Amino acid sequence: MNEDMLRELGVVREQIDTIDAKMLALLNQRAKCAQHVGEIKAKYGDAGYVYRPEREAQVLRRIQSLNEGPLPNESVTFFFREVMSACLSLEDPLGVAFLGPLGTFSESAAVKQFGHAARLAPQTTIDDVFREVEAGHADYGVAPVENSTEGAVGRTLDLLLGSSLKICGEVVLRIHQNLLTRETELSAIRKVYSHAQSLAQCHEWLNSNLPGVPRISVGSNAEAARLASLEPGVAAIAGEAASERYGLPRLVESIEDEPNNTTRFLVLGRHDAGRTGSDKTSLIMSAANRPGAVHELLAPLADAGVSMTRLESRPARAALWEYVFYVDIDGHRDDPAVKAALDDLARNAAYLKILGSYPQAVY
């Protein structure tokens, strides 16, 4: 190497070493402050929850507002989530149930929200995710609720109707589907495994690039990757986490038909969250079976100037041809306008259940 270049590199590397030492000292200082918060709460008998979604959202939004680059907000947000995760784990790692197995998009969503220091507990079904949190075996659960391509996840909606759990957060995950295989050419692939929803999300790509190749639906993308890792001539459609877990190379990346394919996950706990100024409230309601009832049901939201961001109907299961409506609105239930609208809804609705108020996802 050129001596002048080596000298200049040496100067910069010394600067990096100095910065790293300062960062380490500051990280440990922050961890001690987090421990002190816990000590203050214990001193005053605050038996509340260690994890506060609203506080985390406020910290991340503040950090993003201070970020001047060159690191993008997404990278900065990832780093600070991991810092907060590590600090929380000094008291007791949070137990997080999610739809498994390991290597699924649900695991990626759980890690995105709670960081790698959380104690992850993969579950066989969405029902099991709810049960683990309800029974106190896990502190929180992460469950998919809707996909931008395939729509609502009906089982999650049905469980929300009867569960005592609250929604205390949301995770929005960009879904990149990859073709994983040990083969090096598409022509060598004779079978493709994946979850039914992922196969649907890549339908047109498969038609164009692997016409006539059998597509076999399995319970999860991670299971598809496991099977593909064992058989020659087989591929799986799955995400990056499954690729890393099973050591399967990505022959083709981002094969989803919809370039903005995104899944929204709910964070479920035994409490909801406080106000942050950028919140959502989710609720379930039903209308009396008479003309104009649905219009009357939604009118309080419009009258109070509250924006409705999602409306989904599902069979009520209590009686034939009766439906309940799942609604997301902007704002926290303690916001004056939202509170007024909810009070009116309580008077007009045949049934009303507030699922929780929580911070809007921080990207």
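Which residue follows helix 5, and what is the sign of its phi? In this predicted model, helix 5 is followed by G136, which has a positive phi near 80 degrees. The surroundings of this helix are described below, after the overall features of the chain.

The chain contains 12 helices and 15 strands. Its C-alpha trace spans about 80 × 65 × 35 Å along the principal axes. Of its 363 residues, 44% count as buried. When contacts between residues at least 6 apart in sequence are considered, 76% join residues at least 24 apart. The accessible surface amounts to about 18,600 Å², and carbon and sulfur atoms account for 53% of this area. The side chains include 37 positive and 48 negative ones, with the centres of the two sets 4 Å apart.

Helix 5 comprises residues 126-134, and its buried residues are I126, D127, D128, V129, F130 and V133. An α-helix has 3.6 residues a turn, so residues three or four places apart point the same way. The buried residues of helix 5 pack against four strands and one helix by name: strand 1 (95-99), strand 2 (119-123), strand 3 (140-147) and strand 11 (262-269), together with helix 6 (154-162).

Strand 9, formed by residues 234-238, is mostly covered, with five of its five residues buried. V234, A236 and A238 point one way from the strand, whereas A235 and I237 point the other way; all are buried. In a regular strand the side chains alternate between the two faces of the sheet. Strand 9 is paired with strand 6 in the antiparallel sense through four bridges, and N178 stands opposite A238 of strand 9. With strand 7 (residues 191-195), by contrast, strand 9 pairs in the parallel sense over three bridges. In that pairing, V192 stands opposite A235 of strand 9.

The loop between strand 5 (166-174) and strand 6 (178-181) holds Q177. Because its relative accessibility is 1%, Q177 counts as buried. Leaving aside residues up to four places away in sequence, Q177 touches I237 and A238, both of which are buried residues of strand 9. Other contacts of Q177 are made with F105, S198, Q201, C202 and N221, as well as with E253, S254, I255 and E256.

A further element is an open sheet of four strands, arranged in the order 13-14-12-15 with antiparallel pairing. Strand 13 (308-315) and strand 15 (351-359) stand at the edges; each has a single partner strand, so one side of each is left without a neighbour in the sheet. From one strand to the next, the twist averages 15 degrees. Within this sheet, strand 12 (residues 279-286) and strand 14 (residues 323-330) run antiparallel and are joined by six bridges. K280 stands opposite D330 in strand 14. Helix 11 (residues 293-303) packs on the sheet and touches strand 12, strand 13 and strand 14. The direction of helix 11 makes about 15 degrees with that of strand 14.

Methods. Residues numbered from 1 in each chain as written. Predicted model: local features only at pLDDT ≥ 70, side-chain atom pairs only at ≥ 80, totals over all residues. Heavy atoms only, no water. Helix = DSSP H or I, 4+ residues; strand = E, 2+ residues; numbered from the N terminus. Buried < 20%, exposed > 50% of the residue type's maximum accessible area, 1.4 Å probe, protein only. Contact = heavy atoms within 4.5 Å. Areas by Shrake-Rupley, 256 points an atom, 1.4 Å probe, with all protein chains shown as cover. Lys, Arg positive; Asp, Glu negative; His and termini not counted. Charge placed at Lys NZ, Arg CZ, Asp CG, Glu CD. Pairing = 2+ DSSP bridges. Axes fitted to C-alpha atoms, helices over the stretch in contact; angles between N-to-C directions.
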